[in-house]
2 protein chains.
Amino acid sequence: MAGAMAAWHDGADTENAARESAQPGNLVTAFPDHAIEAELTAVLVAVTDGEPRVLTIDEGRLLPSGPFVSAHRTLQASLRAWVEQQTHHPLGYVEQLYTFADRDRSSEDASRRVVSISYLGLTRQARASGRHHPAWRVWYRYFPWEDWREGAPPMIAKLIVPRLRAWAATAGEAAVRRARQQRIRITFGLGDLPWNEEMVLQRYELLFEAGLVPEAIRRGGDLATALPGEAMLHDHRRILATGIARLRAKIKYRPVVFELMPESFTLLQLQRTVEALAGQILHKQNFRRLVEQQALVEETGEVTTETGGRPAKLFRFRERVLQERAIAGTTLPISRMV
Amino acid sequence: MAGAMAAWHDGADTENAARESAQPGNLVTAFPDHAIEAELTAVLVAVTDGEPRVLTIDEGRLLPSGPFVSAHRTLQASLRAWVEQQTHHPLGYVEQLYTFADRDRSSEDASRRVVSISYLGLTRQARASGRHHPAWRVWYRYFPWEDWREGAPPMIAKLIVPRLRAWAATAGEAAVRRARQQRIRITFGLGDLPWNEEMVLQRYELLFEAGLVPEAIRRGGDLATALPGEAMLHDHRRILATGIARLRAKIKYRPVVFELMPESFTLLQLQRTVEALAGQILHKQNFRRLVEQQALVEETGEVTTETGGRPAKLFRFRERVLQERAIAGTTLPISRMV
DNA sequence: TGCCTTATGCTAACTATGAGCATAAGGGAG
DNA sequence: CTCCCTTATGCTCATAGTTAGCATAAGGCA
């Protein structure tokens, strides 16, 4: 996903590389001559009450972030320290997302350059306290078009596609128009194309380019055509999109969901968690089949009647398999809609 | 892959998060107070004569790198400028790899902190000139155990596994010993496990931890047990491993191989290129079927007799499909050995 | 002309996946 | 105490996707 973004950014670059004034020697020598600042931004995810949540501050307008503290040996150690202090829960899984250094990122002072390194973190429980109103928000508040658990969100056909089409039509050249139409079709799965839940970032960036999100007003967007869905400050919604995309891709081949689950759980609870992240409903029997046949879990021997209906067996993860899969990576049960 | 590395690094962190002195406020405010330096490092890949090559400097001991030039709007623009100037060829595909800021990275001055942002770039032709002896090196010089095109490299069974086993046995706790054995089995595909060509980084990091690569001597490795395979300075071989791993994963679901191919080519040439990257031999007929059925290429109408044997049709990539696949991502033909 | 080499077409066997039928087993309404 | 609703769980079937080969085509060269 990050790769896709990279390619796009690049495509959007209008600068001509030939105009650059760097000397050939720059390639082969390494003496940094510009001091910059490094900042860490975290996409912290938890799933509670069947909803995927992300830790936010400032009334949901920002992701938690802060300077890279030199006292730490690594970036990750620095991040981990913050988070565990904040949430009082261990961070189960941490993964680097992307590093930005775009000058137009916070277009204040061009000479003051900030490199922003973002991370994705998974945690088991969602509770946080502190200044600046930290709160776990359901991430579909920011991306209402990404939640397909109750079918295709009507706003896609009613608002998004028409406005994107209108935007595509504004392009002067026919080739550009066609390319835009193509991107719309692919990212939103129009016509006979399927909805691909992993393209969170591509969709957000398309909406951004089309000026349909409030964050883009500085770049020519119009508040009147902005879509429903909460905005964030700076590029934090883009970072969140990157995190969601990465997580949606990851759950398919690495057992990271487990980081979000309690000690023991029913298979349906596990399924609901995956569905919450993927924004898609899965086929129950097939989900069970895959989970069991891959021996990811084992019965605890107990059952719970709290689910209503026939009592469900409780499961826990098999430590050994987890370790193995964490290194290797196998297919995990994410499939089509019911 | 990067994610895997992230998790590992973390596992290797011996610092206790509780020892940290950061204030809670750090999580929710964003005012960087430490100036650092940013450096870009590139893994530039080309395939010539059926061999995967990487651009190096300093007699193959370093990857090209240099400071992030503030004149550029984005990190990628900065990188692109360098590279195109050096190689005089357009960089087809660029993707960010990973950002390091480990303090022990170049353990000189603890107060001088460098953030190193690495990129993977693909280019069509391999020619470079400049100072510091830039040269395209076959990447298997650095990772001889990664080339399985002529079967399993004997050094794995003869040198690597015995030494890794010996290292595993040195662990005091039984649990640690078992965990090490497990990692060895999985990363090197021992027993009934298959060789997974994507685990380049995991294998290198395992060898590093075991002190079997020259780069690890500072951390307790012994030159006498170092494996064949050229080393690099700093952590450049680790960055290269990250790049190879990423590329091996990428070619399976995005048509990036095309960035490495000439205008027109035979299907076998395409296959040989994929094989060079993957370090694995593919089944010819199946490879053809997949490439053709996915309509990735189209016949140019010409044939070449230069391949020996029956003349082969020449193909070129279908522009439209490429664009679509670049956004969407579909399965590409990488399969098992012949 | 026959053999070697690479190209290319086709298929049988198997595996993975998507969908759905059918039964099991609590809880609560009547 | 039944019936019915709900969720749990077992199984089967059809199909798409893969893997591994067999077989034929078509140049070059001894």
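**Exercise 1.** Find which residues B:A226 touches, leaving out residues up to four places away in sequence, and state whether B:A226 is buried or exposed.

*Solution.*
Step 1. Contact means heavy atoms within 4.5 Å. With residues up to four places away in sequence not counted, B:A226 touches B:R163, B:L212 and B:P214.
Step 2. B:P214 is 12 residues from B:A226 along the chain, and their C-alpha atoms are separated by 5.9 Å.
Step 3. B:A226 sits in the loop between α6 (200-209) and α7 (236-250) of chain B. Helices (H or I, at least four residues) and strands (E, at least two) are DSSP runs, numbered from the N terminus.
Step 4. The relative accessible area of B:A226 is 17%, so this residue is buried. The cut-offs are under 20% for buried and over 50% for exposed, with partly exposed in between (1.4 Å probe, protein chains only).

The model is predicted: local features need pLDDT of at least 70, side-chain atom pairs count only at pLDDT 80 or more, and totals for chains, interfaces and linings use all residues. Residues are numbered from 1 along each chain as its sequence is written, chains are lettered from A and ligands numbered from 1 in the order in which they are written, and side-chain values use heavy atoms, with hydrogens and water left out.

**Exercise 2.** Explain why strand β5 of chain B is described as largely enclosed by the rest of the structure.

*Solution.*
Step 1. Strand β5 covers residues 114-123 of chain B, and 10 of the 10 are buried, so the strand is largely enclosed by the rest of the structure.
Step 2. Check the two faces. B:V114, B:S116, B:S118, B:L120 and B:L122 point one way, while B:V115, B:I117, B:Y119, B:G121 and B:T123 point the other way; all are buried.
Step 3. Look for a partner strand. Two strands pair if DSSP finds at least two bridges between them. Strand β4 (residues 91-100) of chain B pairs with β5(B) in the antiparallel sense over 8 bridges. In β5(B), B:L122 is the bridge partner of B:Y93.

**Exercise 3.** Describe the protein surface near DNA strand D and name polar contacts to this strand.

*Solution.*
Step 1. A residue is near a strand if one of its heavy atoms lies within 4 Å of it. DNA strand D is surrounded by 23 residues, the closest being A:K284, A:G308, B:H283, B:Q285 and B:R289.
Step 2. Sort the residues by class: 5 are nonpolar, 10 polar and 8 charged. Here Ala, Val, Leu, Ile, Met, Phe, Trp, Tyr, Cys and Pro count as nonpolar, Asp, Glu, Lys and Arg as charged, and the others, Gly among them, as polar.
Step 3. Assign elements. At least two residues each come from α9 (284-293) and β8 (312-317) of chain A and from α9 (284-293) of chain B. The largest share, 4 residues, belongs to α9(A).
Step 4. List contacts between N or O atoms within 3.5 Å. An N or O atom in the side chain of A:Q285 is 3.3 Å from a base oxygen of DNA strand D. A backbone N or O atom of A:R310 also lies 3.3 Å from a base oxygen of this strand. A polar backbone atom of A:G308 is 3.1 Å from a sugar or linking oxygen.

**Exercise 4.** State which residues come nearest to DNA strand C.

*Solution.*
Step 1. Around DNA strand C there are 24 residues, of which A:H283, A:Q285, B:L268, B:K284 and B:G308 come nearest.
Step 2. Of the atoms of DNA strand C within 4 Å of the protein, 55% belong to sugar and phosphate.

Notes. Polar contact = N/O pair within 3.5 Å; in protein donor to acceptor, adjacent residues only side chain to side chain.
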